[in-house]
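Welcome! Here is a short tour for anyone meeting this structure for the first time. Please have a look at it before reading on.

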Amino acid sequence: MKKNQKKARLAVLVSGNGSNLQAIQEACKTKRLCAEICLVLSNKPHAKALARAQNAGLPNTVINAQHYPEKGRFDTALCVELQRAAPDWIVLAGYMRILTLTFIQAWKGRIINIHPSLLPKYRGLNTHERVLAAQEQEHGCSVHWVVPELDAGPIITQASFNLKASDTVDSAKEKTQQLEHMLYPLSLAWVLSDPTRFHGTTQRLTNQKPNVDHTVQIIKADRLKKLDAQWRQTSKLPNLFD
Ligand code: GRF
């Protein structure tokens, strides 16, 4: 965290387990990440992520998607909650509902997601299954800006590990998530430390055509572990991109 850096307000949108939420919360709590979670919002009333938010004393709310069969109305409810919480950034952490175009445009350049594949490969669901079926050598996760097209926004960071012949869907998921828990807080800290650094990237979000063709250096699992350990020990944000 830089001296005098103002804490950013994060609204974290969840639907499931909430392990990424927890990793982000821990980074905020230990002041590695100069941010506070101003709202945890779930579209599922029984998401474990909500229990995690409550245990951590974080402001939290549910907008039960089943009560809003009309997408537009769900979005209005979402916007009301978000306007009240006044976040600087919207962080998707296992949020399993597709955001509408209107919503994404309203928060353009301020929505970040983590996806369990090395984008642009394997957008969408069931990534671990598909990666194994394709006999990929490498798998991992990507942190990216959210644009209207699903999982197609400019990539901020990526981390990877080598798959073994013995890997299963469960083991691939577990290894991916281990990387996610390091990569997501680090990437958020990197973005927050100087959002203008990503000006070029966020600028592209103003186009309707998402652009994923810029080169992002994929961080290998071993290196990510070292960066994470260094960050935890010193609280000084390591350079992710050299
Ligand atoms: C993660 O694998 C993330 O990449 C994907 O959904 C999963 C959420 O896991 N978008 P959790 O709820 O954070 O444990």
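## A word on contacts

Two residues are in contact if their C-beta atoms, placed from the backbone, lie within 7 Å. With that in hand, take Gly 140 as a starting point in this predicted model. Leaving aside neighbours within four places in sequence, Gly 140 is in contact with Leu 118, Gln 158, Ala 159, Ser 160, Phe 161, Thr 176, Leu 179 and Ile 218.

Gly 140 belongs to strand β6, which covers residues 138-145. Is Gly 140 buried or exposed? Gly 140 is buried, because 30 other C-beta atoms lie within 10 Å, and the cut-off for a buried residue is 20 or more. Gln 54 makes a useful distant landmark: Gly 140 and Gln 54 are 86 residues apart in sequence, and their C-alpha atoms are 30 Å apart in space.

## The chain as a whole

Stepping back, you can find eight helices and eight strands along the chain. A compact globule of 242 residues would have a radius of gyration near 18 Å, and the chain, with 17 Å, agrees with that. Along the principal axes, the C-alpha atoms fill a box of roughly 45 × 45 × 40 Å.

Of the 242 residues, 41% count as buried. Among contacts with a separation of 6 or more, 72% are between residues 24 or more positions apart.

## Two domains side by side

The domain assignment gives domain 1 (8-107) and domain 2 (119-142 + 149-242). Their C-alpha centres lie 20 Å apart. The contact between them takes 13 residues from domain 1 and 12 residues from domain 2.

Which element gives the most to the side of domain 1 that touches domain 2? That element is α1, with five residues. By class, the residues on this side of domain 1 divide into nine nonpolar, two polar and two charged.

## Helix α1

Helix α1 spans residues 19-29 and deserves a closer look. Its buried residues are Asn 20, Leu 21, Ala 23, Ile 24, Gln 25, Ala 27 and Cys 28. The elements that cover them include β1 (8-14), β2 (35-42), α2 (48-55), β4 (89-92), β5 and α6. After α1 comes Lys 31, whose phi is positive, near 65°.

## The nonpolar core

In soluble globular proteins, nonpolar side chains tend to be buried together. Here the largest nonpolar core has 62 residues, and the members that touch the most others are Val 12, Ile 24, Val 40, Val 91, Ala 93, Ile 112 and Leu 188. Helix α6 provides the largest share of this core, 10 residues. Each of domain 1 and domain 2 gives at least three residues to this core.

Leu 188 shows how such a residue links up with others. Not counting residues up to four places away in sequence, Leu 188 touches Ile 24, Leu 33, Ala 35, Val 91 and Ile 112.

## Around the ligand

Which of the 15 residues around the ligand come nearest? They are Asn 17, Ser 19, Asn 20, Gly 94 and Pro 116. Two or more residues of the shell come from each of α1 (19-29), β5 (111-115) and α6 (169-193). The largest share, three residues, is from α1.

By class, the shell has six nonpolar, eight polar and one charged residues. Both domain 1 and domain 2 contribute at least three residues each to the shell.

## Backbone details worth finding

The loop between β5 and α5 (127-133) holds Pro 120. The peptide bond from Leu 119 to Pro 120 is cis, with omega near 10°. Asn 126 is found in the loop between β5 and α5 too, and its phi is near 50°, a positive value in a residue other than glycine. Asn 126 is exposed, because 11 other C-beta atoms lie within 10 Å, and the cut-off for an exposed residue is 12 or fewer.

Ser 235 lies in the segment after α8 (221-234). Ser 235 is not a glycine, yet has a positive phi of about 60°. With 13 other C-beta atoms within 10 Å, Ser 235 is partly exposed.

Notes: Residues are numbered from 1 along each chain as its sequence is written. This is a predicted model: local features need pLDDT of at least 70, side-chain atom pairs count only at pLDDT 80 or more; totals for chains, interfaces and linings use all residues. A residue is near a molecule or strand if its C-beta atom, placed from the backbone, lies within 6 Å of it. Helices (H or I, at least four residues) and strands (E, at least two) are DSSP runs, numbered from the N terminus. Ala, Val, Leu, Ile, Met, Phe, Trp, Tyr, Cys and Pro count as nonpolar, Asp, Glu, Lys and Arg as charged, and the others, Gly among them, as polar. Domain bounds come from an automatic or database domain assignment. A nonpolar core is a set of buried Ala, Val, Leu, Ile, Met, Phe, Trp, Tyr and Cys residues joined through C-beta atoms within 7 Å. The radius of gyration is taken over C-alpha atoms; the globule rule is 2.2 Å times the number of residues to the power 0.38.
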